[in-house]
Amino acid sequence: MIKDSKLYDLLAVEPNASENEIIVAYYEMAERHHPENLKDDSHDSVSKFDEIKFAYDVLSNEENRKFYDENGYDATKEKLDKLDGFSYDDFTSQNFYNNLTNNECNFYQDQKYTKNLVFPLKTSLKDFYRGKKKLFEYQVLVICNDCDGTGLKKASINCSKCFGKNETGNARIREVCTECSECPICAGKRVVQAHKQIEICIEKGMRHKQQIAFTGLSNQKPGYQTGDLIFILEQSKHDTFSRYEDHLIMKHSINLTEALCGFKMLFRHLDGRLKTITHPGGEYFHNQTIKCIPKLGMPKINSSDFGDLIIKFDVIFPESKSLNLEKIKLLEEILPPKRKIELKEDEKFDEVTSEHVDKNFFDYESDDEIKYAIDENLPEEAFLIKEDMHEQADCNPQRFECHTQ
């Protein structure tokens, strides 16, 4: 358990983020909040950038990150300020460029990026379970090859006005050559639209709202580094299962006879195989009984382990007045005896009649919310399950980097 998450929040990553995720998040946040890019020299803008830089310096170092997780922000800042040659003031934006290598300095001073191209990608629960490769077609802007992104028609060496230089005039005033005007391919826009196709690999165990990013495949623009192509996975609703983290949630209805006398149920799992569950008589099921089948849930990403399958049983009672008096008397003989009301001799009572009330009359937790214990040895370790949990966006969705294809 970490002491605080301030530095992780500054980079918009989870406390368990990998080193690569921290680096990617840092460059995105630094580019987004740098005062020069914001054209804002206010104290708040500079301070925000300074905090992002400090967060990266701590979290990118294994020893510093461990110390921060155990001791928190204030203790980490105090420790680093005491180290020889280190002062947090050295990492303010005023001195930022002086502390960078040439390559890092060029990144912040010279490079600007086009906006990331983001697409939602509908994904079935089965594909999250089995893994899937999908081909995705999209339109993207690329630099015009005909004019090399200048927007001008390639000058002819035989042009009588510019002699192949694309411009005319003297040293002080330069003008575009009217004879060598805009590029006929891009119409002077410097970019053209291209049709692209890319293969997306959805790994087993990925989750709703996770991101798959392809570096440098966004729209191109002359003078800019190309942003990323990002796919946000969106889980579609399944007829049988819903998901909570690495667990699968399933509802199953049984009648009163099955609840008392036992039953066998059959269902098809996401791997395509049929599964059977047998419950002998004697173990009575009340309404909303919860059962857990270990290791039959979702695969855990980058692991051979699986979550659990949680089954919620709804007991369906016979329709009202469907049993005749003979059957009711027979049930009374079989079932445990009714409870008797004991009254004192001098006590009086009034007989009242109850009427049916619709279940929506009261405001109570819906059937879609259940609590269950993940581990029977830890009964207090309960989780709130929502059937449509996958529709809720993750505040800091995990992002997977892919190599450019």
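Mentor: Let us begin with a definition: a charge sits over a ring if NZ of Lys or CZ of Arg is within 6 Å of the ring centre and within 35 degrees of the ring normal. The structure above is a predicted model, in which local features need pLDDT of at least 70 and side-chain atom pairs count only at pLDDT 80 or more, while totals for chains, interfaces and linings use all residues. Residues are numbered from 1 along each chain as its sequence is written, and side-chain values use heavy atoms, with hydrogens and water left out.

Trainee: What makes the charged end of Arg-243 one that sits over the ring of Phe-128?

Mentor: The charged end of Arg-243 is 5.9 Å from the centre of the Phe-128 ring, and the limit is 6 Å, so the distance part of the definition is met. The charged end of Lys-6 likewise sits over a ring, that of Tyr-73, at 3.9 Å from its centre.

Trainee: Why is the aromatic pair of Tyr-26 and Tyr-56 called stacked?

Mentor: Rings of Phe, Tyr and Trp (its six-membered ring) pair if their centres lie within 6.5 Å, and planes under 30 degrees apart count as stacked, over 60 as edge-to-face and the rest as tilted. Tyr-26 and Tyr-56 are 3.8 Å apart, centre to centre, with 5° between the planes, so the pair falls in the stacked class. This pair links distant parts of the chain, 30 residues apart, with Tyr-26 in helix H2 (residues 19–33) and Tyr-56 in helix H4 (residues 43–59); helices (H or I, at least four residues) and strands (E, at least two) are DSSP runs, numbered from the N terminus.

Trainee: Why is the pair of Phe-214 and Phe-231 called edge-to-face?

Mentor: The ring centres of Phe-214 and Phe-231 are 6.0 Å apart and their planes make an angle of 85°, therefore the pair belongs to the edge-to-face class. Phe-214 is in strand S6 (residues 211–214) and Phe-231 in strand S7 (residues 229–235), 17 residues apart. Both belong to a cluster linked by ring pairs, together with Phe-119, Phe-136 and Tyr-138, and a search of the whole structure finds 14 aromatic pairs.

Trainee: Why is Phe-214 counted as buried?

Mentor: Buried means under 20% relative accessible area, exposed over 50%, and partly exposed in between (1.4 Å probe, protein chains only). Phe-214 has 2% relative accessibility, so it counts as buried, and Phe-231 is buried because its relative accessible area is 0%. Asp-57, in helix H4, also counts as buried because its relative accessibility is 17%.

Trainee: Why is Glu-137 called partly exposed?

Mentor: Glu-137, which is found in strand S2 (residues 132–143), has 48% relative accessibility and so counts as partly exposed. Leaving aside neighbours within four places in sequence, Glu-137 is in contact (heavy atoms within 4.5 Å) with His-195, Lys-196 and Gln-197.

Trainee: What makes the link between the side chains of Glu-137 and Gln-197 a polar contact?

Mentor: A polar contact is a pair of N or O atoms within 3.5 Å; within protein, one must be able to donate a hydrogen and the other to accept it, and residues adjacent in sequence count only if both atoms are side-chain atoms. The contact of Glu-137 with Gln-197 spans 3.0 Å and that with His-195 spans 3.4 Å, so the distance limit is satisfied. The side chains of Asp-57 and Lys-53 are also joined by a polar contact, of 2.6 Å.

Trainee: How do you know that S8 and S9 pair, and in which sense do they run?

Mentor: Two strands pair if DSSP finds at least two bridges between them. S8 and S9 have four bridges, in the antiparallel sense, so the requirement is fulfilled. One bridge joins Phe-241 to Met-250 in S9, and Met-250 also stands opposite Ile-311 in S13. Strand S9 (residues 247–255) and strand S13 (residues 309–316) run parallel and are joined by eight bridges. The open sheet has the order S8-S9-S13-S12, with mixed pairing.

Trainee: What makes the phi of Asn-302 worth a remark?

Mentor: Most residues other than glycine have a negative phi. Asn-302, which is not a glycine, has a positive phi of about 55°; it lies in the loop between S12 and S13, and it is called exposed because its relative accessible area is 69%.
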